[in-house]
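Let's read this one together, feature by feature. Have the viewer open as we go.

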Amino acid sequence: FKPKHSSRADVSFSHVVRPVPELNRFFYAAIGGRWFWLDRRPWTLAQWTAHLADTNRIQTWILSVGGIPAGYVELERKAGGAVEIDYLGLLDAYIGAGFGAQLLTCAVERAIAMGATKVLLNTCNLDHPKARANYEARGFRAVRTEVKTKDVPAIPPGPWDGA
């Protein structure tokens with residue numbers, strides 16, 4: 001693991017102790033709308049609530065810059081001691097300023113603090129073009145490559161319908 005922390009004093013990483021489905025849905029749509037995160041877009045409030053209910057299994061963390069939420073990560077405890085970085089991303093206004101390295105560093109540190117024997121992270125060709133380089137710079141390495149075909153719209157849906 002090769003951590004990289006921001007030198008800025010106004011960057012913080014905070015645990016969302018009590019599940020807030022609306023918050024996770026906001027970040028999922030606002031960040032993932034540009035990267036074709038589509039699977040959870042049709043989820044109802046009840047589905048989000050159920051997904052986040054087991055706080056021992058799912059943890060949400062927020063990266064803030066100057067007191068403003070800039071990105072988030074969902075960590076999921078898996079069987080066998082692994083913790084998966086399920087979703088990780090920054091709002092558009094914070095991309096390109098080095099906060100991705102900080103967010104990933106904090107996510108890995110948190111996964112280790114959760115007792116992870118292994119930290120899992122999946123990526124695909126729909127992620128930010130520099131995502132994989134960030135993952136590898138933090139010490140992640142490809143374990144396997146899968147080829148899957150998925151139908152996606154011609155253009156990403158954006159942060160909300162009609163945006």
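**Cysteines, strands and core**

Q: Before we start, is Cys124 buried or exposed, or in between?

A: Buried means under 20% relative accessible area, exposed over 50%, and partly exposed in between (1.4 Å probe, protein chains only). Cys124 is partly exposed at 42%, while Cys106 is buried at 7%. This is a predicted model: local features need pLDDT of at least 70, side-chain atom pairs count only at pLDDT 80 or more, and totals for chains, interfaces and linings use all residues. Numbering runs from 1 along each chain as its sequence is written, and side-chain values use heavy atoms, without hydrogens or water.

Q: How many disulfides are there?

A: A disulfide is a pair of cysteine sulfur atoms within 2.5 Å. Here there are zero.

Q: In which sense do strands E4 and E5 pair?

A: Helices (H or I, at least four residues) and strands (E, at least two) are DSSP runs numbered from the N terminus, and two strands pair if DSSP finds at least two bridges between them. E4 (residues 82-90) and E5 (residues 118-121) are parallel, with four bridges. Ile85 sits opposite Leu121 in E5.

Q: And what does Ile85 touch beyond its sequence neighbours?

A: Contact means heavy atoms within 4.5 Å. Leaving out neighbours within four places in sequence, Ile85 contacts several residues, including Val73, Leu75, Leu104 and Phe140.

Q: Which residues have the most contacts inside the largest nonpolar core?

A: Such a core is a set of buried Ala, Val, Leu, Ile, Met, Phe, Trp, Tyr and Cys residues joined through side-chain atoms within 4.5 Å. This one has 35 residues, and Tyr72, Val73, Leu75, Ile85 and Leu88 have the most contacts inside it. H3 gives the largest share, six residues.
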